[in-house]
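Please walk through this structure with attention to how its parts are joined and which side chains face outward.

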Amino acid sequence: MLVLSRKKNESIVINNDIRIVVVEIRGDKVRLGVEAPREVPVHRREVYDAIQRSQQDDSAESVDG
């Protein structure tokens, strides 16, 4: 894992076309902005995990059914 320090309004770039920006720092919370091409899905981890579980459930049902 790469660990970086950034200040408000600073950013990092991933693969030339994804930009992560520190929008706000308030107490122990950091707000991030993500700029990515439309075809690149961007989700919070808990949403991503729910999508993965749903897809696994759907594939298990299609095998069983």
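Arg26 is a convenient place to begin in this predicted model, since the residue is exposed, with a relative accessible area of 60%. The side chain of Arg26 meets that of Glu24 in a salt bridge, with 2.5 Å from N to O, and the pairing extends further, in that Glu24, Arg26 and Arg31 are linked in a network of salt bridges. Side chains of opposite charge can pair when their charged atoms come close. In total, the structure holds 6 salt bridges, and two others are described below.

The backbone framework comes next. An open sheet is formed by 3 strands in the order 1-2-3, and their pairing is antiparallel. Strand 1 (11-14) and strand 3 are the edge strands, each of which pairs on one side only. Neighbouring strands of this sheet are turned against each other by 25° on average, with direction ignored. Strands of a sheet pair through backbone hydrogen bonds, either parallel or antiparallel. Here, strand 2 (residues 18-26) is joined to strand 3 by 7 bridges, and the two run antiparallel.

One position in this pairing can be followed from backbone to side chain. Arg19 stands opposite Glu35 in strand 3, and Arg19 also forms a salt bridge with Glu35, in which the closest N and O atoms are 3.3 Å apart. Because Arg19 lies in strand 2 and Glu35 in strand 3, the pair ties together parts that are 16 residues apart in sequence. Arg19 counts as partly exposed at 33% relative accessibility, and Glu35 is likewise partly exposed, with a relative accessible area of 43%.

Another salt bridge links Arg6 with Glu10, where the closest N and O atoms are 3.6 Å apart. Arg6 is partly exposed, with a relative accessible area of 40%, while Glu10 is partly exposed at 28%.

Strand 3 also carries nonpolar residues that merit a look. Val30 is found in this strand, which covers residues 29-35, and Val30 joins Ile25 and Leu32 in a nonpolar patch on the surface, with about 280 Å² of accessible area together. Val30 itself is partly exposed, its relative accessible area being 48%. Val34 has its place in strand 3 as well, and Val34 is partly exposed, with a relative accessible area of 40%. When residues up to four places away in sequence are not counted, Val34 touches Ile18, Arg19, Ile20 and Val42, so that its list of contacts includes Arg19, a residue that lies in strand 2. By contrast, the C-alpha atoms of Val34 and Ser62, residues that stand 28 places apart along the chain, are separated by 35 Å.

Two asparagines call for attention on account of their backbone angles. Most residues other than glycine have a negative phi, and most peptide bonds are trans. Asn9, in the segment before strand 1, has a phi near 70°, a positive value in a residue other than glycine. Asn16, in the loop between strand 1 and strand 2, has a phi near 65°, which is again positive in a residue other than glycine. Asn9 counts as exposed at 57% relative accessibility, and Asn16 counts as exposed at 78%.

Terms used. Residues are numbered from 1 along each chain as its sequence is written. This is a predicted model: local features need pLDDT of at least 70, side-chain atom pairs count only at pLDDT 80 or more; totals for chains, interfaces and linings use all residues. Side-chain values use heavy atoms; hydrogens and water are left out. Patches are made of residues with over 30% relative accessible area and no salt bridge: like charges are joined within 9 Å, nonpolar side chains (Val, Leu, Ile, Met, Phe, Trp, Tyr) within 5 Å. Accessible areas come from the Shrake-Rupley method with a 1.4 Å probe; for residues, only the protein chains shown count as cover. A salt bridge is a side-chain nitrogen of Lys or Arg within 4 Å of a carboxyl oxygen of Asp or Glu. Helices (H or I, at least four residues) and strands (E, at least two) are DSSP runs, numbered from the N terminus. Buried means under 20% relative accessible area, exposed over 50%, partly exposed in between (1.4 Å probe, protein chains only). Two strands pair if DSSP finds at least two bridges between them. Axes are lines fitted to C-alpha atoms, for helices over the stretch in contact, and angles run from 0 to 180 degrees between N-to-C directions. Contact means heavy atoms within 4.5 Å.
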